[in-house]
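Welcome! Please take a moment to look over the sequence and the 3D view before you try the exercises.

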Amino acid sequence: MADTLIRGARIIDGTGAPWYRGDVLVSGGAIARIGQDLKADDGATIVDAAERYLAPGFIDAHCHDDLIFLRERNRPEKALQGVTSIVVGNCSFSLYPAMPASRENLRLHFSGLLGETLDSEIFADLDGYRRALTGEGIALNLVSLVGHAALRLAVMGHERRPASSAEIEAMCALLATQLDQGAAGLSLGLVYPPSAFAEEDELFALGDTVRSRGKVLAAHVRSYEAGLMDAIREFGGILRHSGSAGLLSHLQSAGRPNWGQIPAAIELLEGMRCEGIDISFDMYPYPAGSTWLLQLLPPAAMDGGLDGLKARLADPEKLAPLREWVEHGGPAFHGQSKVSLIGWGNVRLSAVGSAELKHLEGLDMEKAAGELGVTPFDLMLRFIEEDDGQTGIILFQLDEDDLHAACCHRLYMAGSDGLPRPGSKPHPRAFGTFPRIAGPLRRDKDWFSLEDAVRRMTSVAAQRFQLADRGLVRPGLAADLVLFEDAITDRATFENSTQLPTGISHVWVNGGTVVAEGRQTGERPGKVL
């Protein structure tokens, strides 16, 4: 790999300190020198920064690129945002570990979130997933969390009950193996069955295992609606018991009746930190979220997995209370119904697998149902049957003031939470999160200084995931770097969500050039970290 000399850059080092002008020499995959008027050996590539900013490569602290990384090794929409490392395995979803008897359950579970997943894309352990990734090379670095759902499916399937002592011990042993193989930690998904079925003893024991290996515990908490504060307390209790470092996934307060909770939630988190609990959070910078259609149902409906759900929906006596809860909420099931909070008109179809229903992508559920002459609830039932519960949706449910309060708080780090499904109409966050933070939110809304925006996209996540050689522009650290203009801008919108950003000219990963003059090079210098 030839040396690279980047001349006259406005260097943003990732700490939040003001930028300064200098040259950066990259050699052997690392930052060799930083200074003025540096010299390079013959054969080095010279890049004139020309008033552009040079920053550490951006780290996507929360995404769901686990599957797409096996299929699109160059990850264009991430590389062209300046992202050099991604964290996968979030919200309890990972492609491993699988026991022989749980492979099919895990395959179907993962398919619900990200579309049809093949048996060959399910792995016994992290080592197997790593070999599959590195065999053909990857353009970016990957950090993986272990999904709690995979552990539960491996040990007890879709059963909705407390785990026994023996089952907890088996899950902890399976988790320990993945952590020892290099996983960065464990992710919980406490609204997503089967992770949602876990109780305190199980969560405490898993937290203890995470702490014993010095890793991080991330959580999609039990509620982001009216139960948000209790959900944060539950997660804080797990961290207090185990002493592990924690990351609360995508802090938000969903549904208009629940808007305004974020300042109190942040105060609660700060109080936990005063107790010595090491907790921070990530969030995507958009007022809408994305998930899959089954999230409109209460977790209890998924007892027994997709087969159990379909059997329940086929029974008129069991269907009636589900219909009532989805449409209007109420005490029949735990928690608040998303539909009762935001209405069917704020549920947009983003990814449809069924060929007969594909034309409805991009419509909200009211319009889509109107086209077919059915009710939105009955259309949901048709999707569950014909799309096998794999329908992606976008939920317009968040408040801009809450979003601002979260993203501008000191504990915040950037994550896209994108759900990549080629050929669909996804949430724009998968294509625009990082240029949006460094661009319009910084320039037009004055949410951050440029240096602070970069810090939240680099060193904060590097510290949380113990990436000791990433996240800063420092001699001796890995040469994950991005060169961009002050005019950096996201272009992805909810109407045209796959438009790529502008203003990013070069991206280096481990010293290899993956983007040059705004185009991907095809190089694959990435690593599983």
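Below are three exercises on this predicted model, each with a worked solution.

**Exercise 1. Find which residues touch the most other members of the largest nonpolar core, and which helix gives the most to it.**

Solution. Start with the core itself, which has 145 residues. Within this core, Y129, L251, M380 and F484 touch the most other members. Next, look at the helices: α8 (residues 228-242) gives the most, with 7 residues. Then note that another core, of 16 residues, lies apart from it; V87, V143, A245 and M413 are among its members. To finish, pick F484 and list its contacts beyond four places in sequence: I12, R52, Y53, A55, F58, L450, V454, G503 and I504.

**Exercise 2. Work out the strand order of the open sheet that 3 strands form, and explain why β13 and β14 each have one side without a neighbour.**

Solution. First, the order is β13-β15-β14, with antiparallel pairing. Second, β13 (288-292) and β14 (347-351) are the edge strands; each has a single partner strand, so one side of each has no neighbour in the sheet. Third, neighbouring strands are turned by 30° against each other on average, direction ignored. Finally, follow one pairing: β13 and β15 (residues 392-396) are joined over 5 bridges, and S290 has I394 in β15 as its bridge partner.

**Exercise 3. Decide whether H220 is buried or exposed.**

Solution. Begin by locating H220 in strand β10 (residues 216-220). Its relative accessible area is 7%, and buried means under 20%, so H220 is buried. Now check its surroundings: leaving aside neighbours within four places in sequence, H220 is in contact with C91, L188, G189, L190, V191, Y192, S249 and H250.

Definitions and conventions: Residues numbered from 1 in each chain as written. Predicted model: local features only at pLDDT ≥ 70, side-chain atom pairs only at ≥ 80, totals over all residues. Heavy atoms only, no water. Core = buried A, V, L, I, M, F, W, Y, C linked by side-chain atoms within 4.5 Å. Buried < 20%, exposed > 50% of the residue type's maximum accessible area, 1.4 Å probe, protein only. Helix = DSSP H or I, 4+ residues; strand = E, 2+ residues; numbered from the N terminus. Contact = heavy atoms within 4.5 Å. Pairing = 2+ DSSP bridges. Axes fitted to C-alpha atoms, helices over the stretch in contact; angles between N-to-C directions.
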